[in-house]
Amino acid sequence: MHNYHPSKKDKQLSLLIPGKLLASGLTINQKYILGLNFSLKEKFGYNSYSHKEVGKMVNLHPNIVGSARKALVEQRLLLKNGRKYTLTHKALEFSEDDKGQVVLPFDLYSLSNVNTGAKLLWGVYNFISRGFRDYFALRETTAARINVSVGSITNWTKELDQKRLLKMYEHRNGYCTSQTVVVTCSFIKGKPDLVLNREKDHLGNWRPIMPLFDL
């Protein structure tokens, strides 16, 4: 058996979270860890990183990684064979006919001062926003995508704004309406870019003015 250790290239993998997995009843950390297995599936076919190595990659304590893996094995979503963790057929059902896959870049998921749930929420916002479009879905709709409370969406959005991971976070009030609008940051050379370089095309849709250094 080969004992792979995270290389610089491995550490900069993007985490892939299928939309069905995101909306499942798994815990936030279990979704996060299973997402890493989806990311490594095409490369090795399995994940043989230790709890400590995974913890360093995704900024979680090794004990949290171990608990999440144990629960995923018990739920028959991961198959453990020695050090290898492989996605089961049951887990792969999350990615079938999936059009809502969330992608978390290394520059985001490696941050140590951001809640894991907030990172997943950034991915949901960025699925639409991509650093230049307005995301304005109702909090209830967003909460359903991650299967969390509306209060969590509010708290995590404020956290993302405080940690400078959003280009825009504002409330728009109109006649009988109240709307929250979010635009995610882009990442340039590992740093959040908060410049809102965009313009509207002839149809009134936002488009980036400059090429985006994105996912």
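Here are four short exercises, with worked solutions, on a predicted model of a protein chain.

**Exercise 1. Get an overview of the fold.**
Find how many helices and strands the protein chain has, and what share of its residues is buried.

*Solution.* Start with the secondary structure: the chain holds ten helices and ten strands. Next, turn to accessibility: of the 215 residues, 43% are buried. Finally, look at the contacts with a separation of 6 or more: 63% of these join residues 24 or more positions apart.

**Exercise 2. Examine a buried lysine.**
Locate Lys-167 and work out why this buried residue is counted without a salt bridge.

*Solution.* First, place the residue: Lys-167 belongs to strand 5, which covers residues 166–174. Second, look for a partner of opposite charge: the nearest such side chain is that of Asp-193, 4.2 Å away. Third, apply the cut-off: a salt bridge requires the side-chain nitrogen and the carboxyl oxygen to be within 4 Å, so Lys-167 has none, with Asp-193 at 4.2 Å. Fourth, check for other polar partners: the side chains of Lys-167 and Ser-186 make a polar contact at 3.3 Å. To complete the picture, list the neighbours beyond four places in sequence: Lys-167 touches residues including Gly-131, Val-183, Cys-185, Asp-193 and Leu-196.

**Exercise 3. Classify two aromatic pairs.**
Decide which geometry describes Phe-44 with Tyr-46, and which describes Tyr-125 with Tyr-135.

*Solution.* Two quantities are needed, because a pair of aromatic rings is described by the distance of the centres and the angle of the planes. The count for this model comes to four aromatic pairs. One of them is Phe-44 with Tyr-46, whose centres are 6.3 Å apart and whose planes make an angle of 35°, giving a tilted pair. Phe-44 counts as partly exposed at 22% relative accessibility, while Tyr-46 is buried at 14%.

Now take Tyr-125 and Tyr-135: here the centres are 4.8 Å apart with 65° between the planes, which makes the pair edge-to-face. Tyr-125 sits in helix 8 (residues 116–129) and Tyr-135 in the loop between helix 8 and helix 9 (139–146), so the pair links parts of the chain ten residues apart. Both tyrosines are buried, Tyr-125 with a relative accessible area of 4% and Tyr-135 with 7%.

**Exercise 4. Find charges over rings.**
Identify which ring lies under the charged end of Lys-84, and which lies under Arg-198.

*Solution.* Begin with Lys-84: its charged end sits over the ring of Tyr-46, 4.5 Å from the ring centre. Then move to Arg-198, which lies over the face of Trp-206 at 3.7 Å from the ring centre. As a last step, connect this with Exercise 3: Tyr-46 also forms the tilted pair with Phe-44.

Technical notes. Residues numbered from 1 in each chain as written. Predicted model: local features only at pLDDT ≥ 70, side-chain atom pairs only at ≥ 80, totals over all residues. Heavy atoms only, no water. Helix = DSSP H or I, 4+ residues; strand = E, 2+ residues; numbered from the N terminus. Buried < 20%, exposed > 50% of the residue type's maximum accessible area, 1.4 Å probe, protein only. Lys, Arg positive; Asp, Glu negative; His and termini not counted. Polar contact = N/O pair within 3.5 Å; in protein donor to acceptor, adjacent residues only side chain to side chain. Contact = heavy atoms within 4.5 Å. Phe/Tyr/Trp six-rings, centres within 6.5 Å; stacked < 30°, edge-to-face > 60°. Lys NZ or Arg CZ within 6 Å of the ring centre and 35° of its normal.
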